[in-house]
Amino acid sequence: DPSALHYNPAGMTQLRGLQFMGGGMISGGSTDFTSPTGVTARGDRNGTVAWPPPTHAYLTVNLKDYGSTLLSNLAVGIGLTVPFGSLTRWPSEGPFNTATTFSALPLLDIKPTVAYKVTENVSLGLGADIYTFSGLAGEGHVERQSVWPGGLGIPGGSRVQVYGKDTAAGFNVSLLYTAVRNADEKPLVNIGIVYRSQATLHLTGALLVNGANVSDAEATLVLPQVISGAIAIWPVRTGEREWKLEMDVDYVGWKSVRNLDVMLGSGATITQPQNWRSTYALMFGTEYKWLALESLPHWIVALRAGYTNQQNQMPDFSYDPGIPSADLHIVGGGLGLLCQGQGSFFGLLRCGDLGFGSLLPKGIGIDLSLQAGLYHDRTVSGNRNPTVDGTYKTTLYNGSVSVRVVY
């Protein structure tokens, strides 16, 4: 489906015609903190759920289906995702309010992308990652709020806010290789490789003290390179049903985040050493799909489930309560429904008639998912801000809805 534009852009060559997918995610959950002396606090997503919700949108076009003979093996697309977003609020009178009371990173990634089918079994993808901020997504900038501990001529106990934004570009390259096909020429074994480059954001903004702008501010955030490898196999793939199993491995080069020092217009620096470590994530997924149900003619129904094991990237010394970081297990499930042109909703209206004028869809679908992020309890000691030391227990929940239209 069009989300291939993000997960493996080379896979766009599998899609026919013009396709669109868009939706959003509801993210909730909390982190409970207990200090060594028994003081407690709870952090959340700036409320029960993060708002506005992270969104995604993908548009893909296979040029072969629009009369292009010279570019018949080319697919093009553009996407929008929130790849490194975070949002956390802690009590303003909490035990580590000198470290953080609120932090947000509503980073957007605009992804113009092309994919080319080199042979029947090999496709390549190439795309740009344009990272930027917008007031349409959260605060429209990186932001950190806290209570000032004193120094730099700022009275202790003042409420301070540092924010900044920038636009930067990276790139991605990808490969999709079909190793085995069945008698109907459908893939039985696919192998994918994706490389996403680093990108450097030179954030510019301001330092606010009790709401008043007191200084310009600058900082540098180096987004990590990501290398992904995956294999998918279909133990069952017929005209009636398909069963797919997949394993993915991600390497995320978080060691690029060495510091988040803030340089002020006065020449002073708020030092924030980080020295994050690179991590791996191991993912397993499965999908069982019914292609020809007697009870739902012209509908495709898919059930999905997955599991991810992910390592934490922050050492105790620079642990940041604004970004949950602990070894993590993610379990999830989902449902996919695609009503093809001749199918109908409750026997009342054909899906192929749900269009505008002559632009009638060949299919309309919806994808639903639920995930639980179960973090290991993490005890932090020796932090550069001693008030951060203590035990953190985090559980996050995500629910996602996507709508798909095939033309």
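Which residue in β14 is the bridge partner of L203? That would be A219. This is a predicted model, and the briefing below walks through its strand pairing, a nonpolar surface patch and one loop residue, N97. For orientation, eight strands line up as an open sheet, and a nonpolar patch of about 700 Å² sits on the surface.

**The eight-stranded sheet**
- Reading across, the strand order is β5-β6-β9-β10-β13-β14-β17-β18, with antiparallel pairing.
- The edges belong to β5 and β18 (269-270); each has a single partner strand, so one side of each has no neighbour in the sheet.
- Inside that order, β13 (residues 199-209) and β14 (residues 212-223) pair antiparallel over 11 bridges, and the L203 to A219 pairing places A219 in β14.
- As general background, strands of a sheet pair through backbone hydrogen bonds, either parallel or antiparallel.

**Pairing around β11**
- β11 (residues 168-181) runs antiparallel to β8 (residues 122-132), and 10 bridges join the two.
- One pair to look at here is I130, which stands opposite A169 in β11.
- β11 also runs antiparallel to β12 (residues 187-196), this time with nine bridges.
- For S174, the bridge partner in β12 is V194.
- β11 and β12 make a hairpin with five residues between them. Have a look at E185 in the turn: its phi is positive, at about 70°.

**The nonpolar patch**
- Nine names to click on: I231, I233, W243, L245, M247, V249, Y280, L282 and F284 make up the patch.
- Three strands, β15 (226-237), β16 (241-252) and β19 (279-290), each put in at least two residues.
- β16 gives the most, with four residues.
- F284 sits in β19. With a relative accessible area of 39%, F284 counts as partly exposed, because that class covers values between 20% and 50%.

**N97 in its loop**
- You'll find N97 in the loop between β5 (86-89) and β6 (102-105).
- Is N97 buried or exposed? N97 is buried, because its relative accessible area is 14% and the cut-off for buried is under 20%.
- Leaving aside residues up to four places away in sequence, N97 touches P91, S92, S146 and V147.
- N97 and D389 are 292 residues apart in sequence, yet 13 Å apart in space, C-alpha to C-alpha.

Methods: Residues are numbered from 1 along each chain as its sequence is written. This is a predicted model: local features need pLDDT of at least 70, side-chain atom pairs count only at pLDDT 80 or more; totals for chains, interfaces and linings use all residues. Side-chain values use heavy atoms; hydrogens and water are left out. Patches are made of residues with over 30% relative accessible area and no salt bridge: like charges are joined within 9 Å, nonpolar side chains (Val, Leu, Ile, Met, Phe, Trp, Tyr) within 5 Å. Accessible areas come from the Shrake-Rupley method with a 1.4 Å probe; for residues, only the protein chains shown count as cover. A salt bridge is a side-chain nitrogen of Lys or Arg within 4 Å of a carboxyl oxygen of Asp or Glu. Buried means under 20% relative accessible area, exposed over 50%, partly exposed in between (1.4 Å probe, protein chains only). Contact means heavy atoms within 4.5 Å. Two strands pair if DSSP finds at least two bridges between them.
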